[in-house]
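Have your viewer ready and follow along, one selection at a time. Each stop gives you something to pick and something to look for there.

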Amino acid sequence: MSSSRLLSRRVVLLAPPALAVAACAPRAATDPYANTPLLDWMDSRMEQRERAIAAAFLDRVNAERHSRGLVQVIGDRSLSRVSYDHAASVFRSGVFGRTTPEDRYPYERLPQTVKNRYLQIGGAQLYKVRKAVGLPSTYLAQLGVDGWMGAQNNRMFLLKPEFNRVGAGVVEGDGDAVVVLLFGQITTLNYSI
(Lines give C-alpha, C1' and ligand atoms only; values in the text may rest on other atoms or scores of the structure.)
Protein backbone atom coordinates (compact mmCIF):
# COMPACT_ATOMS: atom_id res chain seq x y z
CA MET A 1 0.00 0.00 0.00
CA SER A 2 1.41 3.37 -0.89
CA SER A 3 2.22 5.72 1.94
CA SER A 4 0.07 8.40 0.31
CA ARG A 5 -3.10 6.37 0.99
CA LEU A 6 -2.63 6.16 4.73
CA LEU A 7 -0.91 8.84 6.76
CA SER A 8 -0.12 7.06 10.00
CA ARG A 9 -0.82 3.85 11.83
CA ARG A 10 -0.91 2.66 15.41
CA VAL A 11 -1.30 -0.85 16.75
CA VAL A 12 -4.92 -1.68 17.49
CA LEU A 13 -6.51 -4.51 19.40
CA LEU A 14 -7.65 -7.62 17.61
CA ALA A 15 -11.36 -8.30 17.53
CA PRO A 16 -12.45 -10.92 18.20
CA PRO A 17 -9.48 -11.93 20.40
CA ALA A 18 -9.34 -15.43 18.93
CA LEU A 19 -7.95 -13.94 15.74
CA ALA A 20 -4.51 -13.67 17.30
CA VAL A 21 -3.87 -17.18 15.98
CA ALA A 22 -4.10 -15.94 12.40
CA ALA A 23 -0.35 -15.42 12.24
CA CYS A 24 0.12 -19.15 12.90
CA ALA A 25 -2.18 -20.23 10.07
CA PRO A 26 -0.82 -22.41 7.29
CA ARG A 27 0.07 -20.52 4.14
CA ALA A 28 -1.74 -21.70 1.03
CA ALA A 29 0.13 -21.94 -2.23
CA THR A 30 -2.70 -20.30 -4.17
CA ASP A 31 -5.60 -18.08 -3.26
CA PRO A 32 -8.74 -18.61 -5.37
CA TYR A 33 -9.57 -14.90 -5.02
CA ALA A 34 -6.07 -13.65 -5.89
CA ASN A 35 -7.06 -12.32 -9.32
CA THR A 36 -10.39 -10.79 -8.36
CA PRO A 37 -11.15 -7.97 -10.81
CA LEU A 38 -12.69 -4.68 -9.76
CA LEU A 39 -16.33 -5.72 -9.57
CA ASP A 40 -19.09 -3.14 -10.08
CA TRP A 41 -20.01 -3.13 -6.37
CA MET A 42 -16.46 -2.56 -5.11
CA ASP A 43 -14.85 0.72 -4.18
CA SER A 44 -12.30 1.59 -6.85
CA ARG A 45 -9.74 2.67 -4.23
CA MET A 46 -9.25 -0.93 -3.10
CA GLU A 47 -6.11 -2.62 -4.35
CA GLN A 48 -6.00 -6.13 -5.82
CA ARG A 49 -5.42 -7.98 -2.54
CA GLU A 50 -8.08 -5.89 -0.79
CA ARG A 51 -10.60 -6.79 -3.52
CA ALA A 52 -9.77 -10.47 -3.04
CA ILE A 53 -10.43 -10.20 0.70
CA ALA A 54 -13.71 -8.32 0.13
CA ALA A 55 -14.94 -10.94 -2.36
CA ALA A 56 -14.02 -13.79 0.01
CA PHE A 57 -15.92 -12.13 2.87
CA LEU A 58 -19.01 -11.62 0.71
CA ASP A 59 -18.97 -15.26 -0.37
CA ARG A 60 -18.47 -16.48 3.20
CA VAL A 61 -21.35 -14.33 4.54
CA ASN A 62 -23.58 -15.62 1.73
CA ALA A 63 -22.63 -19.22 2.52
CA GLU A 64 -23.76 -18.67 6.13
CA ARG A 65 -27.00 -17.07 4.99
CA HIS A 66 -27.66 -19.78 2.38
CA SER A 67 -27.11 -22.57 4.93
CA ARG A 68 -29.99 -21.06 6.94
CA GLY A 69 -32.32 -20.58 3.97
CA LEU A 70 -31.87 -16.78 3.81
CA VAL A 71 -31.60 -14.67 0.69
CA GLN A 72 -28.03 -13.85 -0.28
CA VAL A 73 -26.82 -10.29 0.06
CA ILE A 74 -25.65 -8.47 -3.05
CA GLY A 75 -22.61 -6.22 -3.14
CA ASP A 76 -23.56 -2.54 -3.11
CA ARG A 77 -21.23 0.20 -4.38
CA SER A 78 -22.55 3.00 -2.13
CA LEU A 79 -22.28 0.86 0.99
CA SER A 80 -18.83 -0.33 -0.14
CA ARG A 81 -17.62 3.24 -0.51
CA VAL A 82 -18.72 4.05 3.04
CA SER A 83 -17.29 0.75 4.35
CA TYR A 84 -13.94 1.55 2.75
CA ASP A 85 -13.94 5.05 4.26
CA HIS A 86 -14.58 3.57 7.70
CA ALA A 87 -11.92 0.87 7.28
CA ALA A 88 -9.39 3.54 6.28
CA SER A 89 -10.42 5.69 9.25
CA VAL A 90 -9.98 2.76 11.66
CA PHE A 91 -6.65 1.88 10.09
CA ARG A 92 -5.34 5.48 10.25
CA SER A 93 -6.61 6.38 13.71
CA GLY A 94 -6.06 3.08 15.47
CA VAL A 95 -9.51 3.52 17.04
CA PHE A 96 -11.31 0.23 16.56
CA GLY A 97 -15.05 0.75 16.79
CA ARG A 98 -18.35 0.95 14.99
CA THR A 99 -18.26 4.73 15.09
CA THR A 100 -15.69 7.22 13.83
CA PRO A 101 -13.56 9.28 16.23
CA GLU A 102 -16.21 11.99 15.66
CA ASP A 103 -18.82 9.53 17.02
CA ARG A 104 -20.53 9.02 13.66
CA TYR A 105 -21.73 5.70 12.27
CA PRO A 106 -20.33 4.73 8.86
CA TYR A 107 -23.70 5.06 7.10
CA GLU A 108 -23.95 8.69 8.26
CA ARG A 109 -21.33 9.45 5.60
CA LEU A 110 -23.84 8.65 2.86
CA PRO A 111 -25.45 11.65 1.14
CA GLN A 112 -29.15 11.94 1.97
CA THR A 113 -30.12 11.24 -1.63
CA VAL A 114 -28.35 7.88 -1.39
CA LYS A 115 -29.70 7.12 2.09
CA ASN A 116 -33.22 7.48 0.73
CA ARG A 117 -32.72 4.34 -1.41
CA TYR A 118 -32.53 2.14 1.69
CA LEU A 119 -35.32 1.07 4.02
CA GLN A 120 -32.68 0.38 6.65
CA ILE A 121 -28.92 0.44 7.01
CA GLY A 122 -26.95 -1.02 9.87
CA GLY A 123 -24.94 -3.86 11.20
CA ALA A 124 -21.47 -2.48 10.63
CA GLN A 125 -19.13 -5.42 11.17
CA LEU A 126 -15.44 -4.76 11.81
CA TYR A 127 -12.59 -7.21 11.65
CA LYS A 128 -8.87 -6.60 12.13
CA VAL A 129 -6.09 -9.10 11.93
CA ARG A 130 -2.40 -8.54 12.49
CA LYS A 131 0.18 -10.20 10.30
CA ALA A 132 -2.28 -10.86 7.49
CA VAL A 133 0.45 -10.88 4.83
CA GLY A 134 0.44 -14.12 2.89
CA LEU A 135 -2.72 -15.45 4.48
CA PRO A 136 -5.25 -16.57 1.87
CA SER A 137 -8.31 -14.36 1.61
CA THR A 138 -10.50 -17.42 2.18
CA TYR A 139 -8.78 -18.04 5.51
CA LEU A 140 -9.18 -14.40 6.58
CA ALA A 141 -12.87 -14.53 5.64
CA GLN A 142 -13.36 -17.78 7.51
CA LEU A 143 -11.77 -16.35 10.67
CA GLY A 144 -13.71 -13.10 10.46
CA VAL A 145 -17.15 -14.52 9.68
CA ASP A 146 -16.75 -17.40 12.14
CA GLY A 147 -15.80 -14.86 14.80
CA TRP A 148 -18.86 -12.74 14.02
CA MET A 149 -21.10 -15.80 14.04
CA GLY A 150 -19.83 -16.58 17.54
CA ALA A 151 -21.08 -13.25 18.90
CA GLN A 152 -24.85 -12.85 19.22
CA ASN A 153 -25.07 -9.19 18.14
CA ASN A 154 -22.84 -9.71 15.11
CA ARG A 155 -24.63 -12.93 14.10
CA MET A 156 -27.96 -11.09 14.31
CA PHE A 157 -26.84 -8.61 11.62
CA LEU A 158 -25.21 -11.18 9.36
CA LEU A 159 -28.39 -13.28 9.42
CA LYS A 160 -31.01 -10.52 9.44
CA PRO A 161 -33.52 -11.73 6.81
CA GLU A 162 -34.43 -8.22 5.64
CA PHE A 163 -30.89 -7.32 4.61
CA ASN A 164 -30.29 -7.82 0.89
CA ARG A 165 -27.30 -5.53 0.25
CA VAL A 166 -23.80 -5.35 1.69
CA GLY A 167 -20.84 -3.08 1.27
CA ALA A 168 -17.31 -4.29 1.90
CA GLY A 169 -14.32 -2.07 2.53
CA VAL A 170 -10.84 -3.46 3.08
CA VAL A 171 -7.63 -1.63 3.91
CA GLU A 172 -4.41 -3.57 4.17
CA GLY A 173 -0.97 -2.25 4.99
CA ASP A 174 2.05 -2.86 7.16
CA GLY A 175 1.03 -6.52 7.28
CA ASP A 176 -2.35 -5.85 8.89
CA ALA A 177 -5.86 -5.77 7.42
CA VAL A 178 -9.07 -4.03 8.45
CA VAL A 179 -12.37 -5.24 6.97
CA VAL A 180 -15.68 -3.41 7.37
CA LEU A 181 -19.00 -4.81 6.17
CA LEU A 182 -22.10 -2.62 6.19
CA PHE A 183 -25.52 -4.18 5.56
CA GLY A 184 -28.63 -2.58 4.12
CA GLN A 185 -32.06 -3.25 2.72
CA ILE A 186 -33.54 -1.85 -0.46
CA THR A 187 -36.73 -2.87 -2.18
CA THR A 188 -37.82 -2.71 -5.75
CA LEU A 189 -41.35 -1.47 -6.15
CA ASN A 190 -43.61 -3.49 -8.39
CA TYR A 191 -45.99 -1.17 -10.19
CA SER A 192 -47.68 -3.85 -12.32
CA ILE A 193 -51.28 -4.63 -11.57
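**Stop 1: helix α1**

Select α1 to begin: its 20 residues reach 29 Å from the first C-alpha to the last, close to the 28 Å expected at 1.5 Å a residue. Keep in mind as you go that this is a predicted model.

Now go to Ser67, which is in helix α1. Is Ser67 buried or exposed? Its relative accessibility is 53%, so Ser67 counts as exposed. Show its side chain and look for two partners. A polar atom of the Ser67 side chain lies 2.8 Å from the backbone oxygen of Glu64. The side chain of Ser67 also makes a polar contact of 3.1 Å with the side chain of Arg68. A helpful reminder here: an α-helix has 3.6 residues a turn, so residues three or four places apart point the same way.

Move on to Gly69, which follows α1 and has a positive phi, near 75°.

**Stop 2: a salt-bridge network**

The structure holds eight salt bridges. Select Asp31, Arg49 and Glu172, which salt bridges link in a network.

Start with the pair Arg49 and Asp31, where the closest N and O atoms are 3.9 Å apart. Arg49 lies in helix α1 and Asp31 in the segment before α1, so this salt bridge ties together parts that are 18 residues apart in sequence.

Then turn to Arg49 and Glu172, another salt bridge, with the closest N and O atoms 3.3 Å apart. This pair links distant parts of the chain, since Arg49 is in helix α1 and Glu172 is in strand β3, 123 residues apart.

Colour the three by accessibility if you like. Arg49 is partly exposed, with a relative accessible area of 24%. Asp31 counts as buried at 17% relative accessibility, and Glu172 counts as buried at 13%.

**Stop 3: Asp176 and Lys128**

Select Asp176 and Lys128 next. Their side chains meet in a salt bridge, 3.2 Å from N to O. Here too the pair links distant parts of the chain: Asp176 is in strand β4 and Lys128 in strand β2, 48 residues apart. Asp176 is buried, with a relative accessible area of 4%, and Lys128 is buried as well, with 3%.

**Stop 4: helix α4**

Pick residues 137-149, helix α4. Do the helix arithmetic: at 1.5 Å a residue, the 13 residues should span 18 Å, and the end C-alpha atoms are 18 Å apart, which agrees.

Which residues of α4 are buried? They are Ser137, Leu140, Ala141, Leu143, Gly144, Val145, Gly147, Trp148 and Met149. To see what they pack against, show α1 (48-67), β2 (120-129), α5 (152-158) and β4 (176-185).

Zoom in on Leu140. Leaving aside neighbours within four places in sequence, Leu140 is in contact with Arg49, Ile53, Phe57, Tyr127, Val129, Ala132 and Leu135. Arg49, from the salt-bridge network, is thus among the contacts of Leu140.

**Stop 5: the nonpolar core**

For the last selection, show Phe57, Tyr127, Leu140, Leu181 and Phe183. These have the most contacts inside the largest nonpolar core, which has 52 residues. Which elements each supply at least two residues of this core? They are α1, α2 (77-93), β2, α4, β3 (165-173) and β4. The largest share, eight residues, comes from α1, which brings you back to the helix where the tour began.

Key:
Residues numbered from 1 in each chain as written. Predicted model: local features only at pLDDT ≥ 70, side-chain atom pairs only at ≥ 80, totals over all residues. Heavy atoms only, no water. Helix = DSSP H or I, 4+ residues; strand = E, 2+ residues; numbered from the N terminus. Expected span 1.5 Å × (residues − 1). Buried < 20%, exposed > 50% of the residue type's maximum accessible area, 1.4 Å probe, protein only. Contact = heavy atoms within 4.5 Å. Polar contact = N/O pair within 3.5 Å; in protein donor to acceptor, adjacent residues only side chain to side chain. Core = buried A, V, L, I, M, F, W, Y, C linked by side-chain atoms within 4.5 Å. Salt bridge = Lys/Arg side-chain N within 4 Å of Asp/Glu carboxyl O.
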